[in-house]
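Thanks for sharing this one. Here are my notes, written as numbered points so you can follow along with the model open.

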Amino acid sequence: MGNLLAAVVSAEATDSGGSKSYIERMFSSDGFHAPSITDFFPPAIFGDGTIFEFNRIMMVRVIAALMLIALFWFVANRAKVVPGRLQGALEFMLDFVKDQIVEPVMGAETKRFLPILTTIFLAITFFNITGVIPFLNIASTSLIGLPIIMALWVYVLYLAYGVKKHGLGGYLKNNLFPPGVPKAIYLLLTPIEILQVFILRPATLALRLAANMIAGHLLLVLCFSATQYFFFAAAGAMKSMAAVTFAAGFAFTLFEIFVALLQAYVFTMLAAVYLNMALEEEH
Amino acid sequence: MMLAQTLLLAEEAHTTEVEGADLILPAPYDLLWSIVIFAIIAVVFTRVFLPKIQKVLDERAELIQGGIEKAEKAQAEAAAALEEYTAQLTEARAEAARIREDARVEAAQILAEARRRAGTDAERIVETAQRQIDAERHQAVVSLRSEVGTLATDLASRIVGESLADDARQQRVIDAFLTELETTVKAEG
């Protein structure tokens with residue numbers, strides 16, 4: 001936070017030329033800025049052009065991860081049998097993952113996979129929720145890299161556990177040649193299943209999450225940019241349009257909070273389902 | 001067309017010199033309005049929703065705390081009862097041991113008493129028997145004495161009846177007498 005303020009001050013100091021400072025621009029409008037895909041490729045803070053390029057989305061990811069760890073560190077070290085408010089709230093989240101996602105899907109296997117799936121759920125929730133938090137204002141998962149890593153994690157998990165349990169042949173037979181189907185149908189079914197197991201599942205996991213977060217960010221920025229324009233630049237009756245776009249921004253902020261949780265839920269649920277399918281004897 | 005535009009925009013964003021706050025902060029309008037909305041949400045939550053939820057959470061914590069305390073109390077009571085029971089059991093055992101000891105002592109006393117009484121009885125019986133034997137013996141002596149007198153007289157008269165001058169004869173008479181006496185005693189049993 002201190003760093004941010006320092007950065008703001010220094011920005012004001014260096015912007016002695018024609019351009020306005022950040023604070024000045026915050027309370028004025030130089031026209032309507034349509035949201036664009038460039039929002040997801042902000043300028044590098046350091047390491048420009050290298051694989052270590054660090055921009056504000058990476059920064060937001062680091063902050064989200066630190067917040068998640070700090071919060072659970074704080075609560076876990078003070079955990080009591082009778083929960084306080086904060087512990088109660090976190091326990092509610094953990095119970096939600098266990099009772100609403102993992103147990104209904106995995107049943108007896110719950111105990112083995114609950115830690116992994118809870119971690120996935122909490123990580124995605126925290127990475128998503130940064131999209132509506134002021135100063136961060138972008139979901140860490142709206143850049144495809146992080147969703148890909150999460151999806152790959154699930155991909156490796158279900159392949160590894162499936163092969164470990166059934167052996168490579170057994171796993172492939174189970175998943176690519178589902179029993180109870182006339183042999184001729186395999187001509188059609190097996191290619192689809194190959195696509196499913198090896199490409200579509202991880203790809204859709206990553207794309208669904210990233211696309212939702214990208215769309216959410218674009219919607220919010222559209223509303224906020226329009227509000228800025230109508231509020232500071234428009235004249236007369238057009239100024240009242242700011243109320244409309246602001247209300248829309250408000251609604252979409254609430255919606256984005258919901259979507260952030262929903263996407264974490266969907267991702268975790270699907271991860272549980274894929275793991276379960278890999279472990280099942282026959283399906 | 002769309003792609004070209006996007007690329008152009010991206011190019012533009014990278015070529016325009018961005019520094020300071022813009023590197024780490026979102027677009028100014030993004031920040032401004034999200035702060036406003038976040039503030040509204042924060043106020044509503046902290047004033048309206050969270051107090052209600054916190055009340056429930058606090059109540060639950062109290063309930064659990066109360067339940068735990070109750071359980072602890074019950075446990076303490078149970079422990080106390082167990083202790084009391086154990087103490088009673090120990091006491092009862094001690095009492096039983098004491099009673100057993102008493103009984104043993106009493107039994108020993110009874111036995112000793114019985115033995116003593118039996119001893120006295122035996123002595124008395126022996127004494128009575130002794131006395132009876134004495135009496136009988138006395139009687140026997142008396143009757144013997146009278147019989148021996150008769151016998152002596154008998155013998156004397158026989159000896160006198162024979163010639164008293166001859167020692168050998170005298171001796172023979174005595175022997176004959178004694179033999180006769182012996183046979184009579186044998187015959188009488």
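The points below go from confidence to the two chains, then to their contact and one helix.

1. Please keep in mind that this is a predicted model. For the complex, the predictor reports an ipTM of 0.77 and a pTM of 0.70. Chain B has an average pLDDT of 84, and 86% of its residues score at least 70. Within chain B, the highest mean confidence belongs to α3(B), at 90, while the lowest belongs to α1(B), at 52.

2. Chain A contains eight helices and two strands. In sequence order they run α-α-β-β-α-α-α-α-α-α. Of the 283 residues in chain A, 31% are buried. If we take the contacts in chain A between residues at least 6 apart in sequence, 64% of them link residues at least 24 apart.

3. Chain B is built from four helices and has zero strands, so to speak a plain α-α-α-α when read along the sequence. Buried residues account for 7% of the 189 residues in chain B.

4. How many residues does each chain bring to the contact? Chain A contributes 38 residues and chain B contributes 31 residues. On the chain B side, α1 (2-15), α2 (21-24) and α3 (28-161) each provide at least two residues. The most come from α3(B), with 16 residues. Sorted by class, the side of chain B that touches chain A holds 22 nonpolar, six polar and three charged residues. When you look at this contact, do remember the mean pLDDT of 52 for α1(B).

5. Helix α3 of chain A deserves a look of its own. This helix covers residues 56-77, 22 residues in total, and spans 31 Å from first C-alpha to last, close to the 32 Å expected at 1.5 Å a residue. Its buried residues are A:Arg56, A:Ile57, A:Val60, A:Arg61 and A:Ala64. Why do they fall on the same side of α3(A)? Because they cover an arc of only 155° around the axis.

6. What covers those buried residues of α3(A)? The cover includes β1 (44-46), β2 (54-55), α5 (110-129) and α6 (145-176) of chain A, together with α2 of chain B. On the face of α3(A) turned away from the buried side, you will find the exposed residues A:Val62, A:Leu66, A:Ile69, A:Ala70, A:Trp73, A:Phe74, A:Ala76 and A:Asn77.

Terms used
Residues are numbered from 1 along each chain as its sequence is written. Chains are lettered from A and ligands numbered from 1 in the order in which they are written. This is a predicted model: local features need pLDDT of at least 70, side-chain atom pairs count only at pLDDT 80 or more; totals for chains, interfaces and linings use all residues. A residue is buried if 20 or more other C-beta atoms lie within 10 Å of its own, exposed if 12 or fewer, and partly exposed in between; C-beta atoms are placed from the backbone. Two residues are in contact if their C-beta atoms, placed from the backbone, lie within 7 Å. Ala, Val, Leu, Ile, Met, Phe, Trp, Tyr, Cys and Pro count as nonpolar, Asp, Glu, Lys and Arg as charged, and the others, Gly among them, as polar. pLDDT is the predictor's confidence in each residue, from 0 to 100. The expected span of a helix is 1.5 Å times one less than its number of residues. The arc is that of the directions from the helix axis to the C-beta atoms.
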